[in-house]
Every structure is written in C-alpha cells, then in structure tokens.
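Student: Hi! I have a new structure to look at, and I could use some company while I get my bearings.
Tutor: Happy to help, let's open it up.
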Amino acid sequence: MTIHSPVVANGRAYAVPGTCAIAICLDGCEPEYLDKAIAAGLMPTLKRMRETGTDRLAHSVIPSFTNPNNLSIATGRPPVVHGICGNYLIDPDSGEEVMMNDVRFLRAPTVFKAFHDAGARVAVVTAKDKLRALLGAGLSFDDDRAKCFSAEKSDTSTAAEHGQEKASEWLGMAQPEVYSAELSEFVFAAGVKLLQEWAPDVMYLTTTDYVQHKYSPDQAEAKAFYAMFDKYLTELDALGAAIVVTADHGMKPKHHADGSPSVIYVQDLMDDWLGAGQARVILPITDPYVVHHGALGSFATCYLPEGADRAGIMARLAGYDAITDVLTREEAVARFELPGDRIGDIILVSGGNICIGTSEHRHDLAALNEPLRSHGGLTEQEVPFICNRVLPLPERPVLRNFDAFFYAAQAAALQP
C-alpha cells in the first residue's frame, strides 16, 4: 500500500493502517449472546480482547435493521447521508414497493471505495448477496485490489464482477444453504484465507442473523455459533490484524408465553379507520429471507391519504401500549437521522417484546419453527463494540456502530 496521508470518506479522515484494519459485523448480536458464550468458556479470544483491548457498547442506527446499519458501517455515516433507511421502501420516483438493495439508492460513497481509490487493497465478504452490490459500489476489480463476494452466491462469483473466481471452490467450502449457520462460517473462513494469502489493507466481514432469530443466548445452538466465531477470530487476531467487532442490531423475543407471535397489525387498524387500502403501512424489515421473521419487526412507516388527519391518527396509535413511539416524518428525520423522502408520514416503533405487522392475513408465519425473535426498534439498538487493541476513545455520550472503521483504522495505525 502506498497511502501516506489519511483517507477521507464522507467528511471523516481515516488513519493509514499499518496492518489490516478489519470490521466484523455480527448480524443480530444482542450483547447477551457474547456474555453467555464467554461465561460458558466458549470464547477465550473475545474474552481476552475485552480484557486487554477495548470493550464498549454502541448504538446502531434506527431502524435497527440489516441494510441501514451495514451501509452506515460501510460509509461511516447515518442513513440521512447514505440514503439506505431500510431493506424495503416505497420508491419515491415510481410509487412501487421495492427492495432497497440497488446501488441507485446509495447516496454516499463507501469507506471501501475511498481506501481503494487511495491505493489500498480492500476485501468485503457478506453472507447474503442482497448487500453485496451496495457494499461493493464503486470498486474496480480489474487490478487485483478489490474483492467483494457473498457466501450465498459463492459458487458463481467471478473475477470480473466480484474480484474472486468461484469463491466456494477457492475456499474449499461448499456454497452454504442460505438459512444456516454455515453461511456466516463461510464469511469468517474466507476472511482468514484472504488475510493469509491476499493481505488486504481493509476488510469487512458481515454475517447473517439466522441463528439469532431462531435461538436465544441460553440455547446450545447459539453458543455453538459463537464458539465457532471465536475460532476464526483467534486466527485473524494471530495474523496481526486490528479488529473491531460490532453488530448491525440486537435481537429480542417477540412472542407470548405460549410461543405465539406478539404482533400489532397496523394496516388492519388503518383500514378500519380510513377505509381499505387508503393508507399504506411499509415494514422496512421486509427482504427475500422472511422464513425466520415473517417480515415482522419493531419499526414501520405509514403513508396517509391526502387530507387525512395525521395528528388524530397519531393520537389513536399512541393509545396502544404496544407502540412506544409515534413520530411525524419531520420528527423521525431529526431524531433518527433518516432521509425524509424515503419514509412515510408517520413512523412507528414498538416495544421490546412485540412486532408491528401490516394485515394479519399478509404474514405467512407457518415457517416459524421457533418462537418469534426479531428487531428494528430502540430496544435492539444497543450492540457490542470490541477491539483487540487499546483505543484512545474519547469520552462521548454515544459510540455508534458506524464508527467501526474509523477506530479499526486508528487501531491498525497503532503499534500492537
């Protein structure tokens, strides 16, 4: 690497790494998962990192969903800057409900692009392919200085489009099933092999929350997942990388005592109050992978028909104990740093143990084999922020998960 001065991305200056700067996003990693696994003696490396490095808690962006937080980590900025405010939205240009995984929705360059443009080697490995294009936006794969591929599509990755030909064959690991812990393990294994053989200057590893949606921190399957992660973390640490471990969001149980989903169906309320289909309730958690959450999360946005009494509707919604926060668009932009043109007239956040749905008949929950666990609200905002180096973190009210690369680069510039 020939970088001699800090790399600037979206108004933030990133230190020049003296070793590989790695940020790891453990999807859905409620801090309790780490506490339980460490207490069981299953994460000796992370335990040591907490004791001899830097151990903090940070806040994710709201909504506490995958796409907004991964792109905040990737850009170092909140959604009002990069534009990705959910997994799903009403496209302001077309009025259509669409996935927010197209590069056209991204309004800011990534830290990866900034480092790549400055001459660094950059590697990004994601579990699900839905993030891959957004995280790889602006990277060039024609000079062996960038790799960006997913575990989900690892059989078909190409050097021209992803910087890595047939990643599964290269890694010697079969392309995993999308609903599996192995999808995340592929990410960790690829990170180790890249660090050993390709020596990136900056690397991002981001996983799937399949395990966290299905299993609580006390369950053996969850503990086995974190024991597996610690094994790969040990290898990355031994190779001399500066590592920040954080998460895109936490995870909470969203079910009744009998295991049935706990949901308030807001589209049904709107249809009753305003007439069928007059309002549109959008759940930004919606993505192609709904088997483990049924498109139910703790954040929603509602578009009202022209002339509707917004204040009156908000007052009625606020009367439900399940809904903890009812905000106007303007209030949500200010409080949650969201792009105002990509959210509705009203923003809703539900409590820690209940989700927001659209209409009851629109959610297929037949595939939920375990009691519902999900995220999206303020109760899933607290996430781990752990580094294997001692960081001179300033005293500040709130550390954000999207500070990960800023501090990973700082740690990589320090002497180990």
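Student: Let's start with one residue: is His162 buried or exposed?
Tutor: This is a predicted model, and in it His162 is buried, because its relative accessible area is 8%, and buried means under 20%.
Student: Which helix does His162 lie in?
Tutor: His162 belongs to helix α7, which covers residues 159-162.
Student: And which residues does His162 touch, leaving out those up to four places away in sequence?
Tutor: With those left out, His162 touches Arg132, Phe141, Ala146, Lys147, Cys148, Phe149, Thr156 and Ser157.
Student: Okay, zooming out. How many helices and strands are there in the protein chain?
Tutor: The protein chain has 15 helices and 19 strands.
Student: What share of the residues is buried?
Tutor: Of the 416 residues in the protein chain, 60% are buried.
Student: How does the radius of gyration of the chain fit a compact globule?
Tutor: The two agree: the protein chain has 21 Å, and a compact globule with 416 residues would have a value near 22 Å. Along its principal axes, the C-alpha trace spans about 60 × 45 × 45 Å.
Student: What about contacts between residues at least 6 apart in sequence?
Tutor: Among those contacts, 72% join residues at least 24 apart.
Student: Switching to the surface, how much area does the chain expose?
Tutor: About 15,100 Å², with carbon and sulfur atoms supplying 49% of that.
Student: Last one: how many positive and negative charges are there?
Tutor: The protein chain has 35 positive and 54 negative charges, and their mean positions are 5 Å apart.

How values were computed. Residues are numbered from 1 along each chain as its sequence is written. This is a predicted model: local features need pLDDT of at least 70, side-chain atom pairs count only at pLDDT 80 or more; totals for chains, interfaces and linings use all residues. Side-chain values use heavy atoms; hydrogens and water are left out. Helices (H or I, at least four residues) and strands (E, at least two) are DSSP runs, numbered from the N terminus. The radius of gyration is taken over C-alpha atoms; the globule rule is 2.2 Å times the number of residues to the power 0.38. Buried means under 20% relative accessible area, exposed over 50%, partly exposed in between (1.4 Å probe, protein chains only). Contact means heavy atoms within 4.5 Å. Accessible areas come from the Shrake-Rupley method with a 1.4 Å probe; for residues, only the protein chains shown count as cover. Lys and Arg count as positive and Asp and Glu as negative; His and the chain ends are not counted. The place of a charge is taken as NZ of Lys, CZ of Arg, CG of Asp or CD of Glu.
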